[in-house]
Amino acid sequence: MTSAARPSRHAPELRSVARHVSRRRFLTGTAAAAALAFAVNLPAAGTASAAELDPARLTADPFTLGVASGDPGPDSVLLWTRLAPAPYQPDGGLPAERVPVRWEVALDERFRAVVRRGESTAHPEFHHTLHVEVDRLAPGRTFYYRFRAGSWISPVGRTRTAPPEHAHGPGLTFALASCQRYDQGHWTAYGHLAQDDVDVVLHLGDYLYEYAVSSVGGARAYPAGTLPDLFGHETKTLEDYRLRYALYKSDPDLRAAHAAHPFVVTWDDHETENNYAGDTDESGGPAEEFLLRRAAAYRAYWENMPLRRPQLPDGPDLRLYRRLHWGRLAQFDVLDTRQYRSNQAYGDGWQYPGPESQDPARTLTGDAQERWLIDGWHRSDAVWNVVPQQVTFSRRYTTTTLPAKVSMDSWDGYPASRERVLAGAEAAGIGNLMVLTGDVHVAYGFDIKRDFEDPGSRTLGTEIVTTSVSSGGDGSEKPSNWAAHLAANPHLRFYNGQRGYATVALDRELARIDYKTVPYVTTQGAPLTTYASFVTEAGEQGLKPA
């Protein structure tokens, strides 16, 4: 999966700064910060002194990339858009000038009952993206929102707030999505998801892929020359990543899903580079060079996702792990298993476990995030403790013959880290653990065992793995290793290799999981099928056919 290396296009002064200052602060030197505009707050003098764009100069629709919302709280939600009249141009078709944008939030989609309105500024340093944190909203309500720049009005988005903090409240239905490689198929699943009745969408990573996209869009098979050549190389620089998000967000099905539902997002590897680990790139190159790329990727990610101000990156660092609540029904501990992990053991890939992978000092989450997760469980009063994260948590063998190889990129490659998390869950006494996973381009349903080597050990929770939206192409109902996987893993209750998404409906008594699939993605128009459904009961964990 490694593309041919290209010469670095990072400015020489940035590489010089990276070599001579500490890892966490290497991008805060004046020259580096100016060159990449990695300000950690809204720029003061620089942006305030920038000219304001005359609205009359907005002669083309600036809302080409749609609208989005995210991270709903009981009285607030984050609203997002980006102004880009020409999204496939590096400057988005706008000069380096600030643009005033008005916004409205209403109880109805015709905006007869507006409850909040205001004005924000789209700064050129942030690529004319907007992150508006709207507060003083009523809890547990559906709202509609829109933006206005000059005479242009954005598409209308729909969002909602969470229930009051301590309310038992009604049930919750959320969707899981991941892995949407643009050049491997159409995002038909998102078109269906936009019409689905869910409260929130959890995106579990690989929202963007760094690989080159041809002018025909790969498997999408557009007419020759449909896409510009500037997408025909791997993303390395801030400009590269920004342009790739513009391509991805130009997809009408993705825009529809964002407009229909609030998203809670976390990343995996491809938003930066395949299988990176901390400050180590896939090929093991110089850390200072990779951290420049990581800083660019993290900056573009924040700019283009519906994330709040605490997630604004500081150079190559971005605290993405965070906690959200849905009343007292569910606590969501959103993890980041890329930024702080130890390097994959034995050179990555599928390898036999050994002293290197089993080293107790190795971590997938980093010490601080691990403590934050377990401490949060000790304080939780939620019925369901849900952990949206990236890579397969449960043990996964491919053969009944032992020893068996395991994935060094997943939690199997970090068994001591997994054991600390399981022990923490057990010590905290949480009764209903649910781990949510993407990454592997298939759908799984696992029972999380206290000891995966003992099928009779206690079931602590369930792991719901959603398949990809498009990555891997059309897929199949039963991949070639389907029977071997089920035989080798008695805690594996479901396995399907088609594209799609999953939904989870929670109430105080049980969770219902629906695995939804489309039969193909290399052509448009695929129907959606609920392929399989399971339940797990509060207080009696384990997946059972619904």
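Apart from neighbours within four places in sequence, Arg418 is in contact with Phe393, Ser394, Arg395, Trp411, Asp412 and Phe452. The model that shows this environment is predicted. Its mean pLDDT is 92, and 91% of the residues reach 70 or more. The points below cover Arg418, Leu460, two packed helices, helix 6 and the segments of low confidence.

**Arg418**
- Arg418 belongs to helix 9, which spans residues 415-428.
- The relative accessible area of Arg418 is 9%, so the residue counts as buried, the cut-off being under 20%.
- The side chains of Arg418 and Asp412 are joined by a polar contact of 2.9 Å; Asp412 also appears among the contacts of Arg418 listed above.

**Leu460**
- Leu460 is part of strand 19, residues 459-465.
- Because its relative accessibility is 5%, Leu460 is classed as buried.
- With neighbours within four places in sequence set aside, the residues in contact with Leu460 are Leu422, Gly431, Leu433, Ile448, Arg450 and Gln541.
- Between the C-alpha atoms of Leu460 and Ala538 the separation is 11 Å, although the two residues are 78 residues apart along the chain.

**Helices 5 and 7**
- Helix 5 (residues 238-249) packs with helix 7 (residues 287-304) at an angle of about 35°, and the axes are 8 Å apart.
- The crossing of helix 5 past helix 7 is right-handed.
- Helix 5 contributes Leu238, Tyr241, Arg242, Tyr245 and Lys249 to the contact, while helix 7 contributes Arg293, Ala296, Ala297, Arg299, Ala300, Tyr301, Glu303 and Asn304.
- Sorted by class, this contact holds seven nonpolar, one polar and five charged residues.

**Helix 6**
- Asp251 caps helix 6 at its N-terminal end, with a side-chain oxygen 3.0 Å from the backbone nitrogen of Asp253.
- In helix 6 (residues 252-260), the buried residues are Leu254, Ala257, His258, Ala259 and Ala260.
- The partners against which these buried residues pack are strand 1 (67-70), strand 6 (142-149), strand 8 (157-160), helix 4 (188-195), helix 5 and strand 11 (263-265).

**Confidence**
- The mean pLDDT of 92 does not extend to residues 1-8, where the pLDDT is below 50; this stretch has 12 contacts in the model beyond near neighbours in sequence.
- Residues 11-47 also have pLDDT below 50, and this stretch has 67 contacts in the model beyond near neighbours in sequence.
- Predicted coordinates should not be read in detail where pLDDT is low.

Key: Residues numbered from 1 in each chain as written. Predicted model: local features only at pLDDT ≥ 70, side-chain atom pairs only at ≥ 80, totals over all residues. Heavy atoms only, no water. Axes fitted to C-alpha atoms, helices over the stretch in contact; angles between N-to-C directions. Helix = DSSP H or I, 4+ residues; strand = E, 2+ residues; numbered from the N terminus. Left-handed = near helix turned anticlockwise from the far one by under 90°. Contact = heavy atoms within 4.5 Å. Nonpolar A, V, L, I, M, F, W, Y, C, P; charged D, E, K, R; others polar. pLDDT = per-residue confidence, 0-100. Buried < 20%, exposed > 50% of the residue type's maximum accessible area, 1.4 Å probe, protein only. Polar contact = N/O pair within 3.5 Å; in protein donor to acceptor, adjacent residues only side chain to side chain.
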